[in-house]
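I set aside some time today to go through this model and write down what I looked up. The entries follow in the order I made them.

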Amino acid sequence: MPSNDPIELRTDRQLLFDPLFLERQDGIDLVPQTPFQDPAPVLAADQPWEEAGIGAFNTVAYENGTFRMWYDAMAHEGDGPMHRALCHAESEDGVNWIKRRSGDIPFRGSTDNSIVARSCMGGATVFRDDHAPAEERYKLWTKYYATDEEKARGRGTGLWGLMSPDGLRWEFAEAGYPLWNGNAADSHSICSWDEDQGRYVGFVRIKERPEGRQRTCSVGIMFSDDFRTWTRARKIFEADKVDEDSPVPRLGWRPTVDFYTPGGMKVPGCRNAYVLLPTAYYHWEEDAFPSTIDVRLATSRDCINWWQHPAREPFLRLGPDGAPNSGMIYANPWLIPVGDELWLYYGGTGRDHREETRDPALSGVFRARFRRDGFVATQAGYGGGEFTTPLLSFSGSRLEVNMDGSAGGWLQVEIQDADGHPLATHRLDRCETMRGNSVSKVITWDGDADLSALKNRPVRLRFAMRSMKLYAFQFCA
């Protein structure tokens, strides 16, 4: 039975990236979209402190007209273990990057490098925290590998939080760390302040060993009010029966799919809209063959319950054989609005997960681009289709849609009362036929877009369309 309690939309943009608004539907499919992936990396290894390549775990943000990247540089310290450092680069256009020299942290006796945080970091995520005092404006989560000397002083290996006034000079948040609370600490843990929830949200990897099976990895979530004291990790996403029952040539290993990095982040500009971009690690034989990794997509309204399309197609795909993104790719935070697009950066490598040899030329940071809201399309084919929403209420004064009808597509919208009867002034036959491709097309009825008289009144929307991709709608102020 339809709910009698309307969904309160206010003036927020509503993504059609799950079945929430499809109370009744005919001829409509939810179709995951795929970004355009630039074939060449935007950041490649060309410095001594990157001699083992650019790592998988990077962060890109856009601040005051400048793109900032905190990237994962790998080198070898003599014949010893791998040395990983957090480095900094900047760009005016998000494509051409300058590796800024910090002058603070030495590498092989010289401070002429772009290193901004200590070595032995694995999986650092940086975020700007405008909720915090100026001296803690930037925060960082990372797996930190303590040296023997540090361990002797009481600093252990684990998931650490660091803070900075500028993203360049970092200090450990000693209280409450290192952090475990059920998370695996390694991989690319992602943390941010969530203004909708009024608390910090952290996405982590969980490792388990179910009885009779090899180790499995899944995605967990943690919460904190102060960035120092965290809840225990709660599992929110894992391989399911569709993954486990997928056909493979020769099965000698379980599970066939693990999720290594969580990739959880909020959709910018949308209240209560989250995406999970977890790395799916495929391994179904005893030697972990094929040992390759790509990026999935799941969506959520509350960051706890996730919807994933049953087709399980990758959101980001591997590059062509021999390319520096042909073996493993990892989605990096954050989603960056640029005009009518969202940009997403990701780390790539041409090797698989079993290979120990690291060729720096087979690594880099790549860029993917897609239209705003373009995660999933609510789509009608050439034969047409329609859907009706659950009961809604809004506080805006006009209805805008993000739609792509190309040459032959069209869309009309009807507004109905709580009982599903068309409002006389907003029937389907009075709606102007919407055509074209726009992220903000205004809907009108008899040439009038004003919906002020319907504010806070329970209504339903009926969308009728053909050859149309519909991504989002919004009752704008």
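Entry 1, cavities. I searched the whole structure, which is a predicted model, and got two cavities of 30 Å³ or more. The largest cavity holds about 40 Å³ of space. I listed its lining as Phe-57, Asp-72, Ala-85, Leu-86, Met-121, Gly-123 and Ala-124. The elements that give two or more residues to this lining are β9 (82-91) and β12 (121-128). I noted that β12 has the largest share, with three residues. By residue class, the lining of the largest cavity splits into five nonpolar, one polar and one charged.

Entry 2, the second cavity. I put down a volume of about 30 Å³ for the second largest cavity. Its lining consists of Thr-59, Ala-61, Glu-63, Trp-70, Val-126, Phe-127, Arg-128, Tyr-138 and Trp-334. I found that β7 (59-63) and β12 each supply at least two residues here. I sorted the lining of the second largest cavity into six nonpolar, one polar and two charged residues.

Entry 3, Ser-189. I then looked up Ser-189, which sits in the loop between β15 (171-172) and β16 (190-194). Is Ser-189 buried or exposed? Its relative accessible area is 1%, and the cut-off for buried is under 20%, so I entered Ser-189 as buried. Leaving out residues up to four places away in sequence, I listed the contacts of Ser-189 as Gly-123, Thr-125, Trp-141, Leu-159, Phe-203 and Val-204. One of these, Gly-123, I had already written down in the lining of the largest cavity.

Entry 4, strand β28. I moved on to β28, residues 341-349. How many of the residues of β28 are buried? I got eight of the nine, so the strand is largely enclosed by the rest of the structure.

Entry 5, partners of β28. I went through the pairings one strand at a time.
- Strand β26 (residues 328-331) pairs with β28 in the antiparallel sense, over four bridges. In this pairing I found Tyr-330 opposite Gly-347 of β28.
- Strand β27 (residues 336-338) also pairs with β28 in the antiparallel sense, over three bridges. Here I noted Trp-343 in β28 as the bridge partner of Ile-336.
- Strand β29 (residues 363-371) runs antiparallel to β28 and is joined to it by nine bridges. I recorded Leu-342 as standing opposite Phe-370 in β29.

Entry 6, the turn. I checked how β27 leads into β28, and the two form a hairpin with two residues between them. Gly-339 is in that turn, and I wrote down a positive phi of about 60° for Gly-339.

Entry 7, Thr-349. I finished with Thr-349, which belongs to β28. Its relative accessible area is 11%, so by the cut-off of under 20% I entered Thr-349 as buried. Which residues does Thr-349 touch, not counting those up to four places away in sequence? I listed Pro-324, Asn-325, Ser-326, Gly-327, Met-328, Leu-362 and Ser-363. I also looked at the spacing between Thr-349 and Ala-56, which are 293 residues apart along the chain. Their C-alpha atoms are separated by 7.8 Å.

Technical notes
Residues numbered from 1 in each chain as written. Predicted model: local features only at pLDDT ≥ 70, side-chain atom pairs only at ≥ 80, totals over all residues. Heavy atoms only, no water. Buried < 20%, exposed > 50% of the residue type's maximum accessible area, 1.4 Å probe, protein only. Pairing = 2+ DSSP bridges. 1 Å grid on protein atoms, 1.4 Å probe; cavity = no way out; pocket = protein on both sides within 12 Å on 5 of 7 lines; lining within 4 Å. Points joined across faces, edges and corners; volume = space filled by probe spheres on them. Nonpolar A, V, L, I, M, F, W, Y, C, P; charged D, E, K, R; others polar. Contact = heavy atoms within 4.5 Å.
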